[in-house]
Structure formats: structure tokens, C-alpha cells
Amino acid sequence: MGCEVKGLEGVIAGDTAISTVGKKDMGLTYRGYSVEDLSEHASFEEVAYLLIHDKLPNHRELEEYRTALVNMRGVPDRLKVVLESLPPASHPMDVLRTGCSALGAIEPETAEREQDQYRVADRLLASFPYMLLYWYRFHQSGARISHESGQREMAGHILALLNGMPPEAIVRKAINASLVLYAEHEFNASTFSARVTASTLSDFHSAVTAAIGTLSGPLHGGANEQAMKMITPLRSPDEAEKEILRMLAAKKKVMGFGHRVYKKQPDPRSSIMKEWARRLSAEAGDMGLFLIFERIEEVMFREKKLFANVDFYGALTYHLCGIPTELFTPVFALARVSGWAAHIIEQRADNKLIRPSAEYIGPEARAYVPLDERP
Ligand SMILES: CC(C)(COP(=O)(O)OP(=O)(O)OC[C@H]1O[C@@H](n2cnc3c(N)ncnc32)[C@H](O)[C@@H]1OP(=O)(O)O)[C@@H](O)C(=O)NCCC(=O)NCCS
């Protein structure tokens, strides 16, 4: 017996006007705009504005928005002390989660939530890249980097903070497309946990902190890092095929495949990421890894009818852009904070505590046994 719907699969758990996922007539859209169009034509800031502020900005609005974000990029000295005191071996997702929580203690949301929530959303979006990369660069080389990257756009800002130099155009564009694709995905696990936390009327930082923790798991955002780690030792497509067959025979999951919603149709983000991976490989004059990834995709479909999800070619794209593997999931989080913010604001606008019930499968009622009488 017990609950028939495991993991809330297929359960409609609320309303949203933010995105559609896997809808037959719409596909994946953010406020009605297809991700295919957005990832090709829009900057990540345009998309963040669309998600959080509910419309595509015009020229003036976008420039004002970019300026506001640029001015919010730094972090308080107290937070730098926290970041410096975290161990160099910490996982960067733990650092981001801790940084978000610490910022919430240093600069809490005010009681005027209706106005202040937009400031907090923009502040988190703007400061997360520096928060993450300040810690990263400090523990890599002892450098205390500045938040002034010389880049107005988010993709360029992330890359310049990471590498200490302006990015190449193709790399910046690939990262921008990935940020757009990672920005939002309806009631996925991390967004749902942000909404659950927001539904208790807790503060914005707590909801985002919960979401970061949820995203870090390998069944969710952590899949891109795990996929890369699994593939890195493989030397050829044939070796990759053997390894995948071995994993499937051992009933192991191959990270970067399968999806709760995209079961009968492919994840539309995957083919876009694949094209970026192909372009970056061609540009580098080395298709070796791309062919290994492509073979794994073929084998997974042939053997299990499973499609690659966004994290599979997303991992290769990040690798080819020079992002260190342990930063793959945090970079995903830098984008997804825009979607989390939009959902927290939406949840608050028509709130009801999210508190489902459970099917009880434990023992019948029984008498308490005093401590001394227990065997
Ligand atoms: C995303 C995911 C959690 C969706 O899970 P779900 O809807 O609960 O589906 P299940 O995990 O129950 O999988 C259904 C079947 O497909 C298999 N399967 C699903 N994903 C698989 C994968 N990546 N590798 C191998 N087998 C997989 C399961 O083993 C299961 O097989 P069974 O029926 O023989 O037991 C799951 O596909 C997964 O774990 N993928 C790997 C992690 C990943 O890439 N996550 C990022 C998602 S964007």
C-alpha cells in the first residue's frame, strides 16, 4: 500500500504564469517566449528582467537594469571574511549556499517586502558571481579579486572574474546562451523548495538558500558535474560505449540522461547546448570529446530510449569554455536565481502555505514502554 504517486510525479502542485515545460503546443517558454528564440537573441539580463519584472525590457529599461546590477555586484567586507574562512576544499555549491545565507544575515530583507523583494532579487543575481569567484580565486591563489570586471553583461562578468581577463566572443556567447537556458524551468525540485520556503512567509534569502541546497544534488543540477567526471577518463567513443553498457548492466544511472517531464520528447535545451558544444569543438579544432559525448547519447537512446537532458551537452559546453568542473553547478545556480526569484515573488502574490499530507505506513498505535523495561 502507501502513496501511489511517488515523488509527486505528474501532480499539478500550483499555478504559474512564468514558464511552460513540455506543453504540447508551446514547448519550453518563459512568459510565452520560446527558449529557442531567447537563447539565440537575448542577453541573460533581458531574460532575468523578463522573468522577475514580467516583461521584455526596451533599450532604456535594459540599460538601466544593467547599470543597477553592475552597481550591486560587490559584497560586504563581513561576507568576504566568511568566504575567506571557508575551507579551500569546500564544494563551491556549499560556498554559494553559505554566502547567500550570510548575505541574508548581513543585509536582511526589510519588512516592506512588496518593494524590497525586487531589490533583494537583483542583489542576489548581481552579487552571486563575485561571491562565488571571490572565494574560488582567493583559495586558488590567495588573490583578493575586485568585483569590477570591466564587463557589463553577466556572461562576460562571470568569465572575466574567473580568468582575470576579458573573454573571447564565442565563449561569452556560449555562456550567455547557457545562462538563458538554465534560468527557469517551472516546478523543478529547487524552485519548488524555494516556493515551499516562501509559502511559510519566510524571507527571500532563506528561500534561495533552500533552493541552492536542493539544486546541488546529482539528480538535479549536480548532474552536469557528475556527467563530466564520468566522461573525463574515457579516451574514445568505443571505450565510452563499453563503459556505458557496463554501467547500465550494473543498473547505474548515467548522469545527464532522463528527465521527470521529458520522457517521450527530448529536452529542447539539449539540442541547443549540443550545437554550442559542436561549434566550440570545431573552433578549437578538436572534435574528440564531442564524438565521445555523441556516442554516449546514441547508446543511451538505443539501450534505454532515454534522451540527453540540458546537463549532458551543458557539461561539455562548460568544459570547452574553460569552466572548472566543480563550478558547473554553481554557474547553473547563477542563472537559476532569476527563476527562483520570479517564483518566490509569484508565490507571495497569491500565497497559501504549501503543506501536503502523507500516507501513514508505520506501526499501529501502541503503548509507551518505560526505559527500564525495554529489552
Ligand atoms: C532526472 C531523473 C531523476 C528523473 O527521474 P524519474 O522521473 O524519477 O525517473 P526514474 O529515475 O524512476 O527512471 C525511470 C527508469 O529509467 C531509468 N533511468 C532514468 N534515468 C536514467 C539514467 N540517467 N541512467 C540510467 N537509467 C535511467 C531508471 O533506472 C528507471 O528504470 P527502471 O524503470 O528499470 O527502474 C532521472 O532520469 C535521473 O536520475 N537522471 C540522471 C540525473 C540527471 O541527469 N539529472 C538532471 C535532470 S535535468
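Which helices and strands each supply at least two residues of the lining of the largest pocket? That is the question I should like to begin with, and the model under discussion is a predicted one. The elements concerned are strand β1, residues 19-23, together with the helices α9 (189-199), α14 (288-304), α15 (310-320) and α16 (328-349). Of these, β1 gives the most to the lining, with four residues.

Let me now describe the largest pocket itself. Its volume is about 1600 Å³, and 45 residues line it. Nearest the centre of this pocket lie Asn188, Ala189, His259, Arg260 and Val261. In terms of residue class, the lining comprises 20 nonpolar, 13 polar and twelve charged residues.

Where does this pocket lie with respect to the domains? Residues of the lining come both from domain 1, which spans 18-217 + 329-349, and from domain 2, which spans 223-320; the largest pocket therefore lies between the two domains.

I turn next to the second largest pocket, which has a volume of about 200 Å³. Its lining includes Ala13, Gly14 and Asp15, as well as Phe187 and Arg195. Further lining residues are Glu346, Gln347, Ala349, Asp350, Asn351, Lys352 and Ile354. Here α16 gives the most to the lining, with three residues. By class, this lining holds four nonpolar, three polar and five charged residues.

To close, one helix deserves a second mention. α16 supplies at least two residues of the lining of the largest pocket, and α16 also gives the most to the lining of the second largest pocket.

Key
Residues are numbered from 1 along each chain as its sequence is written. This is a predicted model: local features need pLDDT of at least 70, side-chain atom pairs count only at pLDDT 80 or more; totals for chains, interfaces and linings use all residues. Side-chain values use heavy atoms; hydrogens and water are left out. On a 1 Å grid over the protein atoms alone, a cavity is a set of points where a 1.4 Å probe fits but cannot get out, and a pocket is an open set with protein on both sides within 12 Å along at least five of seven lines; lining residues have an atom within 4 Å of a point. Grid points are joined across faces, edges and corners, and a volume is the space filled by probe spheres set on the points. Ala, Val, Leu, Ile, Met, Phe, Trp, Tyr, Cys and Pro count as nonpolar, Asp, Glu, Lys and Arg as charged, and the others, Gly among them, as polar. Domain bounds come from an automatic or database domain assignment.
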